[in-house]
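Colleague: I've got the model open and a few things to ask before I go back to the bench. Can we walk through it together?

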Amino acid sequence: VDAFQARSDLIELSIDRRDLPAAIIQLDAAEAWLKQVPQALIAAHDPDARLMFLRAKLLHRSDQFPGAEAMARQAWQRVRDRKGEGDAATLDLLTGYVGILRDTGRYDEALAPAQALVAGYRPLEPLNEFRLSNALYSLGAVQENTGQMPLAITSEQEALAIRRRILPANHPSIANTLGSVATTLQKLGRLREALPLHAEAVTILKARPENAKFDLAREYNNWGGTCFRLGDLDCAANNIKEALILWDQLLPPDHSTVLTARGNLAKLYGRRGQLREGEALLRQVLAGREAAVARDHAAAMVTALSGTRGALGENLLQQGRDAEALALAQLRWRDVVASGGGKAEEMDAISALVLLSLAELANQQPQSALEHAQAALTRVLVISPGSLDEAVAHLTVARAQVALGQAVPAVAQARQALALYTGITGPEDRNTALAHGVLGRALLAQGTRAEARDELDKAIAALDGVDEGDWKT
C-alpha cells in the first residue's frame with residue numbers, strides 16, 4: 001500500500017509540475033507494477049480507479065479534454081459505487097473530476113458536483129479544513145462562470161478566510177484564492193477593490209520557487225485585465241507583457257493560454273490606437289484558435305474562438321471597416337446561439353450582443369441595434385447588476401435610441417450609464433467621459449441645449465490632451 005501511494009504521489013507531482021514525459025513513464029511503470037501485486041493486498045485502496053484518474057489528469061494536461069473528462073468521471077463513479085458519496089476517496093476523485101469540468105468550460109455540468117463536494121467536506125471540519133477550502137474555491141469558480149457572482153464571492157471569501165487561518169501568509173493557495181476573489185470583483189465592476197488583491201497575489205507568487213511560474217503568469221494577466229478595464233493602460237501593458245514572458249517560457253506558442261494573452265495584448269494595442277498592429281496580432285490568434293477547434297471541438301475551445309472573432313470585430317469597427325466588423329459580429333452571435341444558451345454562455349452573450357449592436361449602428365441599422373442592445377441589458381440585469389457590463393449595456397441602448405430619435409428614453413439610459421461609470425471607475429475616468437458625451441447627444445436631441453452643452457464640455461475636458469488612440473478620436 002505504501003509503495004502504491006508513493007508511486008501515485010510521484011506521478012501526480014510530475015503532472016502538476018507539467019513534466020508530462022516523466023509522468024507518462026511513471027504511470028506506465030505503476031500500471032505494470034500493479035499487475036504483479038496480489039490484488040487482495042491493496043484492493044481496498046482502489047488502485048485501478050486511482051491510476052485511471054491520474055491517466056485522466058495526464059490527458060487533461062495534454063489538452064485532450066473529452067477523453068480526460070470521461071475517464072475522470074468513470075474513476076470517480078467507480079469509487080463512489082464501492083464506498084459511497086461521503087467517503088474520503090470518493091471526494092478526492094470528485095475534486096479532480098470537478099477541476100477537469102471547470103478547465104474544459106463545462107461549468108453548468110460542474111455546478112452540482114461542486115456543491116456536493118462542499119457538502120461532503122463540511123462534516124469533516126476542522127480536521128479537513130484545507131480540503132474544504134479547496135472545495136469552496138472550486139465551487140466559487142463554477143458559480144462565477146455560471147453568472148452567480150454574489151454566491152461566488154461568498155464561496156471564495158470563505159475559502160480565503162480558511163486558508164489565511166491555517167496556512168503560512170506566503171502560501172501559493174492564498175495567492176490563488178486572492179486572484180479568484182479579485183477576478184470576481186472585477187466582473188462585478190468593483191475594480192478598485194480588486195487591485196490590491198492582484199498585487200498581493202503577485203507578491204506572494206514572485207517569492208515562490210520555479211514551479212509557481214504558471215500561477216504567477218495567470219495573476220499578472222488578470223491584474224492587467226483589471227487595469228485595462230480601469231483605463232490604466234500602462235499598468236495593463238506591464239502586467240500582460242510579464243505574463244507573456246513567463247508563458248512563452250512554459251508553453252508552446254499555439255497553447256490556448258498563450259493565445260489568450262496575445263489577444264489581450266492586441267486589445268491593448270487597439271486602445272492605444274495601434275489598430276493595425278492589434279489586427280495583425282488578432283489574426284494570428286484567430287488562426288491558432290481555428291486550428292485548435294479543428295483538432296478538438298471542446299466547448300472551451302469554441303468559446304475562445306468566438307471571443308477572438310469578437311475582439312477582431314471590435315478592432316475593425318475602430319478602424320472604420322464597418323461591413324467587415326458587422327460580418328464578424330454576426331458570426332460571433334451565431335456562435336453564442338449555437339452554444340446552447342446555458343448560464344455559462346450568458347456573459348459571453350452580453351458582450352456578443354453589445355458588439356453586434358454597435359456594428360449595426362455603424363452600418364445604419366438602428367432598429368436592430370436597439371433590439372440587440374436591449375437584449376444585452378435584459379441579460380446583464382439578471383446576471384451582473386450594478387457592474388461595468390450594465391453600464392456598457394445602458395450606454396449602447398442610449399446610442400441606438402439617439403440614432404432612432406428616441407431622445408427621452410435615451411437621456412434616461414445615458415444617465416444610468418453615467419451613474420454606474422462614475423461609481424465604478426470614477427468621475428475622471430475616460431469611460432465616464434464617454435458617458436457624458438452620449439448623454440450630451442441625447443439631451444441635444446431632446447432640445448435641452450444648455451444641459452447638453454454642460455455634458456459635452458465635461459466630456460471634452462476629460463478627454464482633452466489625450467494622445468492614446470481611440471480615446472483621442
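Colleague: Which residues is Trp247 in contact with, leaving aside its neighbours within four places in sequence?

Modeller: This is a predicted model, where local features need pLDDT of at least 70 and side-chain atom pairs count only at pLDDT 80 or more, while totals for chains, interfaces and linings use all residues. Numbering runs from 1 along each chain as its sequence is written, and side-chain values use heavy atoms, with hydrogens and water left out. Contact here means heavy atoms within 4.5 Å. By that rule, Trp247 is in contact with Phe214, Ala217, Arg218, Asn221, Thr257, Val258 and Ala261.

Colleague: And which helix gives the most to the largest nonpolar core?

Modeller: A nonpolar core is a set of buried Ala, Val, Leu, Ile, Met, Phe, Trp, Tyr and Cys residues joined through side-chain atoms within 4.5 Å; buried means under 20% relative accessible area, exposed over 50%, partly exposed in between, with a 1.4 Å probe and protein chains only. The largest one has 52 residues, and Leu178, Trp247 and Leu268 have the most contacts inside it. Its top contributor, with 9 residues (233-250 is the helix range), is helix H13.

Colleague: How far apart are the end C-alpha atoms of helix H14?

Modeller: Helices are DSSP runs (H or I, at least four residues), numbered from the N terminus. The expected span is 1.5 Å times one less than the number of residues, so the 16 residues of H14 (256-271) should span 22 Å. The model agrees, with its end C-alpha atoms apart by 23 Å.

Colleague: Which residue just after H14 takes a positive phi?

Modeller: H14 itself has buried residues including Thr257, Leu265 and Arg271. Just past that helix, phi is about 85° at Gly273.

Colleague: Which cysteines does the disulfide join?

Modeller: There's 1 disulfide in the structure, counted as a pair of cysteine sulfur atoms within 2.5 Å. The S to S distance is 1.9 Å, and both partners are buried. They are Cys227 and Cys235.

Colleague: Which side chain does the side chain of Gln319 make a polar contact with?

Modeller: Gln319 sits in the loop between helix H16 (299-318) and helix H17 (322-338). A polar contact is a pair of N or O atoms within 3.5 Å; within protein, one must be able to donate a hydrogen and the other to accept it, and residues adjacent in sequence count only if both atoms are side-chain atoms. At 3.0 Å, the partner is Glu279.

Colleague: Last one: is Gln330 buried, exposed or partly exposed?

Modeller: Gln330 is in helix H17. Because its relative accessibility is 33%, Gln330 counts as partly exposed.

Technical notes. Helices (H or I, at least four residues) and strands (E, at least two) are DSSP runs, numbered from the N terminus.
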